[in-house]
Structures are given as structure tokens and as C-alpha cells.
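Trainee: Please take me through the pockets of this protein. I would like to know what lines them, residue by residue where possible.

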Amino acid sequence: MLADSGLLPQLQLHSRSPLRNPLCIYGDLGYLLRPQLQTPFRGLHLTLLQQQFNTSMSAVRSSVEWVFGDIINYFSFLDFKKNLKIGLSAVGKMYIVCALLTNARTCVYPTSTSTFFNLGTPSLQEYFS
């Protein structure tokens with residue numbers, strides 16, 4: 001899916017900090033380490049700093065999965081295994097719309113993710129502009 005998305009070449013071209021350092025996303029161990037795609041440190045003998053990095057990133061990565069759970073929780077018809085057939089339904093479009101609505105709901109009602117990171121949320125007007 002990552003290869004099909006074309007995301008990594010776009011990140012290589014456009015994802016830089018003001019100091020021109022590469023910005024990156026974080027993936028699991030199934031991905032190869034790249035400047036724009038970081039993964040956990042591997043091996044049996046990790047330094048304390050490497051272990052701390054893996055632990056902190058694991059918590060952040062888990063929070064991304066909370067959002068997927070929220071979407072399914074708010075829009076239970078998206079339970080693909082039971083209700084939707086890829087090729088017979090506009091599954092991707094429905095999921096995107098539900099994700100957009102979940103984000104909008106987050107603007108009004110805090111979620112476990114925004115609470116965990118102690119983040120404020122934009123107003124609905126800011127989100128949709």
C-alpha cells in the first residue's frame with residue numbers, strides 16, 4: 001500500500017524542516033529504514049536510549065490505532081468483514097467520509113488521543129477551511 005500511494009517520493013521532495021532536515025513518518029518493523037520513514041531499532045542488544053526510543057514511539061504508534069478504532073466505533077457499518085464487499089461498495093470513499101466526520105467530531109468532543117497528548121483541537125470552521 002505504501003508503494004502504491006507514492007507517499008515516500010512525495011516526502012523526499014517536500015518534507016523538510018526549516019533547517020532543511022528531512023521530516024519523517026514512523027512505521028513498523030515491516031518497513032525498511034529510510035530518511036523519511038523511521039522504524040524501531042532492531043536486535044537483541046539495544047542501548048538504553050534505543051530501548052527508550054522504541055518504547056516512546058510504540059505508545060505514539062498505538063495512538064494512531066485508537067483513531068481507526070474510533071472510526072469503526074462511530075460508524076459500525078464500516079466493519080468490513082460483516083457488511084461491506086470491496087468491489088461491490090464504495091468502501092474507500094465511505095471510509096474517507098467517516099474519517100473526515102470523525103475528525104470533525106473531534107473538534108467538538110475531545111477524544112482519548114487528544115486527551116493523551118494534551119492537545120487542543122481546532123474549531124469546526126478552522127478544520128473545514
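Mentor: Here is a walk through the two pockets, one after the other. Keep in mind that this is a predicted model.

Start with the largest pocket. Its volume is about 290 Å³. Leu-2 and Leu-7 are in its lining, together with Ile-25, Tyr-26, Gly-27 and Asp-28. Tyr-31 and Leu-37 belong to the lining too. Arg-61, Val-64, Glu-65 and Phe-68 complete the list. Two elements give two or more residues to this lining: strand S1 (25-26) and helix H3 (48-74). Helix H3 gives the most, with 4 residues. What is the chemical make-up of the lining, by class? There are 8 nonpolar residues, 1 polar residue and 3 charged residues. Gly-27 is counted as polar here, while Asp-28, Arg-61 and Glu-65 count as charged.

Now the second largest pocket. It holds about 170 Å³ of space. Its lining has 13 residues. Val-67, Asn-103, Thr-106, Thr-111 and Thr-113 are those that lie nearest the centre of this pocket. Helix H3 appears again, as one of the elements that give two or more residues to the lining. The others are helix H5 (91-108) and helix H6 (112-116). Which element gives the most to the lining of the second largest pocket? That is H5, with 4 residues. By class, this lining divides into 5 nonpolar, 7 polar and 1 charged.

To tie the two together, take helix H3. It gives two or more residues to the lining of the largest pocket, and it does so for the second largest pocket as well.

Conventions:
Residues are numbered from 1 along each chain as its sequence is written. This is a predicted model: local features need pLDDT of at least 70, side-chain atom pairs count only at pLDDT 80 or more; totals for chains, interfaces and linings use all residues. Side-chain values use heavy atoms; hydrogens and water are left out. On a 1 Å grid over the protein atoms alone, a cavity is a set of points where a 1.4 Å probe fits but cannot get out, and a pocket is an open set with protein on both sides within 12 Å along at least five of seven lines; lining residues have an atom within 4 Å of a point. Grid points are joined across faces, edges and corners, and a volume is the space filled by probe spheres set on the points.
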